[in-house]
Amino acid sequence: CCSPRDNPAMKQTWHEVVNGWLAWLKAGGARPQTLTLRRQQATRFGADVGGVGPWECSADDLAGWLSGHEWSRETMRSHRAMLRSLYGWGHAGGKITEDPARMLRKVPASTPAPRPAGDDVIGAALARADERVALMLILGSRHGLRRGEIAQVHTRDLTIVGDVTWLTVHGKGGKKRRVPVAGEGGRLLRAAPTGWVFPGRSGPMTAAHAGKLMRQALGSATAHQLRHRFASVAYQRSGDIVAVSRLLGHASVATTQRYVATDDQVLLRVAAGAA
């Protein structure tokens, strides 16, 4: 980077820089959850580099910080994205003459194995859950909603057509999709009082709290594993990966493929067909 004598902006505090960068992200439509995450990440980075100012960090400082943590690959990717955004903004705005994050190596995406929650685990959780948590579990395991999407369900997003309740889901990045909710899930949604289906103190329940409630009911599984269960069962029964991807709200079918666990009996049938 350049010297503080070359650019007065380099004397800015971490607080000033992070606030300015977040305002820029917000002006570009960044969601509140994203802004909260980026603030936490950038503030931690500023604390970890000690007395070094935000515009005094070198490429080695950034790489050393990333490599100094035993993070998962996805967590590493997220923190690298934060640095790329922060210093890209600083460089584009003339606060630094060179972008130290430009040299950071790309972190490959991980390809974790599908981890669908077992039907026995889900059945036991439904049996002991109250009606509110049961609906959460149904929306996750039978309809593929994320915990944050479940928390945001509002009765104004419901459209009833015959026996099917269509739910407009508010997904990542402000994207919306329509999901049919039939059976028990549809009945519980139609019976919900007007307003947020899962209310919090001053609005909808937080995604974290919804996830906690589901985790407590499930015991040995997580809310995200319910999405894996939906993806796996929906694909095995339909064979339509594109439709499953749309129902999950994925931007890419490649992402959906990472959610789908293939049953051994399916593998046997496919193998037998080629024998």
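Hi everyone. Let me start with some vocabulary: when I sort residues by class today, Ala, Val, Leu, Ile, Met, Phe, Trp, Tyr, Cys and Pro count as nonpolar, Asp, Glu, Lys and Arg count as charged, and the others, Gly among them, count as polar. Please also keep in mind that this is a predicted model.

With those words in hand, let's begin inside the protein. How many cavities of 30 Å³ or more does a search of the whole structure find? The answer is one, and its volume is about 30 Å³. The residues lining this cavity are Leu145, Glu149, Gln152, Val153, Asp157, Leu167, Thr168, Val169 and His170. By class, that lining has four nonpolar, three polar and two charged residues. Which element gives the largest share of the lining? That is strand 2, residues 164-170, with four residues.

Strand 2 takes us straight to the sheet. Three strands make up an open sheet, in the order 1-2-3, with antiparallel pairing. Strand 1 (158-161) and strand 3 (176-181) are at the edges and have a single partner strand each, so one side of each has no neighbour in the sheet. On average, and ignoring direction, neighbouring strands here are turned by 25 degrees against each other.

As a quick reminder for the bench, strands of a sheet pair through backbone hydrogen bonds, in either a parallel or an antiparallel way.

Now take the two pairings in turn. Strand 1 and strand 2 are joined in the antiparallel sense over four bridges, and Val161 sits opposite Val164 of strand 2. The hairpin made by these two strands has two residues between them, and Gly162 there adopts a positive phi near 65 degrees. On the other side, strand 2 and strand 3 pair over six bridges, also antiparallel. If you want one pair to find on screen, look for Leu167, whose bridge partner in strand 3 is Val179. You have met Leu167 already, as one of the residues lining the cavity.

Let's move on to the pockets. The largest pocket holds about 1,500 Å³ of space. It is lined by 35 residues, and the closest to its centre are Leu37, Arg146, Arg147, Lys172 and His224. Which helices each supply at least two lining residues? They are helix 2 (32-48), helix 4 (73-92), helix 7 (147-151), helix 9 (207-218) and helix 10 (223-238). As for chemistry, the lining of this pocket has eleven nonpolar, 13 polar and eleven charged residues.

The second largest pocket has a volume of about 340 Å³. Of its 14 lining residues, Arg146, Lys172, Gly249, His250 and Ala251 are the closest to the centre. Its lining has two nonpolar, six polar and six charged residues. Arg146 and Lys172 may sound familiar, as they are also among the residues closest to the centre of the largest pocket.

Finally, let's zoom out to the whole chain. Its secondary structure comes to 13 helices and three strands. The C-alpha trace spans about 70 × 55 × 30 Å along its principal axes. Of the 275 residues in the chain, 40% are buried. And if you take the contacts between residues at least 6 apart in sequence, 65% of them join residues at least 24 apart.

That's my tour. Thanks for listening!

Note on methods: Residues are numbered from 1 along each chain as its sequence is written. This is a predicted model: local features need pLDDT of at least 70, side-chain atom pairs count only at pLDDT 80 or more; totals for chains, interfaces and linings use all residues. Side-chain values use heavy atoms; hydrogens and water are left out. On a 1 Å grid over the protein atoms alone, a cavity is a set of points where a 1.4 Å probe fits but cannot get out, and a pocket is an open set with protein on both sides within 12 Å along at least five of seven lines; lining residues have an atom within 4 Å of a point. Grid points are joined across faces, edges and corners, and a volume is the space filled by probe spheres set on the points. Two strands pair if DSSP finds at least two bridges between them. Axes are lines fitted to C-alpha atoms, for helices over the stretch in contact, and angles run from 0 to 180 degrees between N-to-C directions. Buried means under 20% relative accessible area, exposed over 50%, partly exposed in between (1.4 Å probe, protein chains only). Contact means heavy atoms within 4.5 Å.
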